[in-house]
Amino acid sequence: MNQLEALKRWTTVVADTGDFQQMEQFRPQDATTNPSLILKAVQKPEYAPLLQQVVAQGKGAEISALMDQLIVRFGCEILTKVPGRVSTEVDARLSFDAAATVARAQRIVALYRAQGVDTASRVLIKVAATWEGIQAARQLEREGIHTNLTLLFSRCQAIACGDAGVQLISPFVGRIYDWYKKQAGAGWDEAAMAGDNDPGVQSVRSIFDYYKHFGIRTEVMGASFRNVGQILALAGCDLLTIAPDLLAQLQAASGDVPHKLNAAAARDMALERVHYDEAGFRFALNADAMATEKLAEGIRAFVADAVKLEQLMQAAAV
């Protein structure tokens, strides 16, 4: 048994890519996308016709509407490759506007439904885990639109998401690791900070244990991995979304994958229940320098790639 198949015994494996033609070889359950992944995909020759089709069919539409049509088109193609769900992201420029996030999510869902997709079981709307994003997700969940809260770096974000009843969260393992490695500089000991000692792995484990201890139904999906060791250290997490290059490494490696995260053990831990109002959330997030910096950086990066994607679409329309 290769490590990818062994991992699937403990964890639902998700493909983290917009390149839907790569997916079938890994047989993931779900798939996740974001503006950066869609941008990367549309720059490949095999996806150029898809971009052209969307632009041609949406001639005269606002660029934001064309963007939503493109990401839904990718999502529909992905759903032919996976048996489960696809995560589709709301424009990161709306990360601090709850009402606009809800409206955009509703439009994306309407586009999926127009294609005959059962959105309640097959689509997750990705929203940045800002205070406004979490409140938007709370409303969307009440409407039966399930959400995936992304750009999540701290326990306070996870706790607020659990209280809001969101379907799933995506804590970013690799970006947490990146921050601590950069802070340590020459003093970083790669071997000592690997596996169970990786700060990104520890963050996800802490969130997983909190959710399972208190019976919070929100799913935990580790994301943004830098190496296979981080993935293997989180075997047993509800889901793990993994880029194709790391999926290939797991598939090529033989050997067992030990069960690392244990929901039953988490229920026996001595943990304190915490709740946040808006002021408490903002203070807790501000107190976490890593989470504050990485959240802001992530939003900026997604916005930059969304703008590049818009420019490609505008050029195709000429």
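This tour visits two pockets, a buried lysine and the nonpolar cores of a predicted model.

**The largest pocket**

Begin by selecting Asp16, Asn34, Leu37, Ser224 and Ala243, the lining residues that lie nearest the centre of the largest pocket. The full lining comprises 30 residues, and the pocket has a volume of about 480 Å³. To see the elements around it, colour helix 2 (35–42), strand 5 (147–152), strand 8 (239–242) and helix 12 (244–252), each of which gives two or more residues to the lining. Helix 2 provides the largest share, four residues. Colouring the lining by residue class shows eleven nonpolar, eleven polar and eight charged residues.

**Lysine 126**

Next, select lysine 126 in strand 4, which spans residues 123–128. Is this residue buried or exposed? Lysine 126 counts as buried because its relative accessibility is 4%, under the 20% limit. Display its side chain and follow it to the backbone oxygen of threonine 33, which it reaches at 3.0 Å. Then show the residues in contact with lysine 126, leaving aside neighbours within four places in sequence: Thr32, Thr33 and Asn34; Ser87, Thr88, Glu89 and Val90; and Asn148 and Thr150. Asn34, one of these contacts, is also among the residues nearest the centre of the largest pocket.

**The second largest pocket**

Move to the second largest pocket, with a volume of about 230 Å³. Select Val54, Gln57, Gly58, Gln69, Val72, Arg73, Cys76, Glu77, Leu111, Ala114 and Gln115 to display its lining. Helix 3 (48–57), helix 4 (63–79) and helix 5 (98–114) each give two or more residues to this lining. Which element gives the most? Helix 4 does, with five residues. By class, the lining divides into five nonpolar, four polar and two charged residues.

**The nonpolar cores**

Finally, turn to the interior. In soluble globular proteins, nonpolar side chains tend to be buried together. The largest nonpolar core here has 100 residues, and Leu70, Ile169 and Ile242 are the ones that touch the most other members. Helix 15, residues 289–317, gives the most to this core, with ten residues.

Centre the view on isoleucine 242 and show its contacts, again without neighbours within four places in sequence: Leu7, Val13, Val14, Ala15, Asp16, Phe225, Ile231, Leu247 and Leu250. Asp16 in this list was selected at the outset as one of the residues nearest the centre of the largest pocket. Val14, also in contact with isoleucine 242, belongs to another core, of five residues, which lies apart from the largest one and includes Leu124, Met221 and Leu239.

Notes:
Residues numbered from 1 in each chain as written. Predicted model: local features only at pLDDT ≥ 70, side-chain atom pairs only at ≥ 80, totals over all residues. Heavy atoms only, no water. Buried < 20%, exposed > 50% of the residue type's maximum accessible area, 1.4 Å probe, protein only. Polar contact = N/O pair within 3.5 Å; in protein donor to acceptor, adjacent residues only side chain to side chain. Contact = heavy atoms within 4.5 Å. 1 Å grid on protein atoms, 1.4 Å probe; cavity = no way out; pocket = protein on both sides within 12 Å on 5 of 7 lines; lining within 4 Å. Points joined across faces, edges and corners; volume = space filled by probe spheres on them. Nonpolar A, V, L, I, M, F, W, Y, C, P; charged D, E, K, R; others polar. Core = buried A, V, L, I, M, F, W, Y, C linked by side-chain atoms within 4.5 Å.
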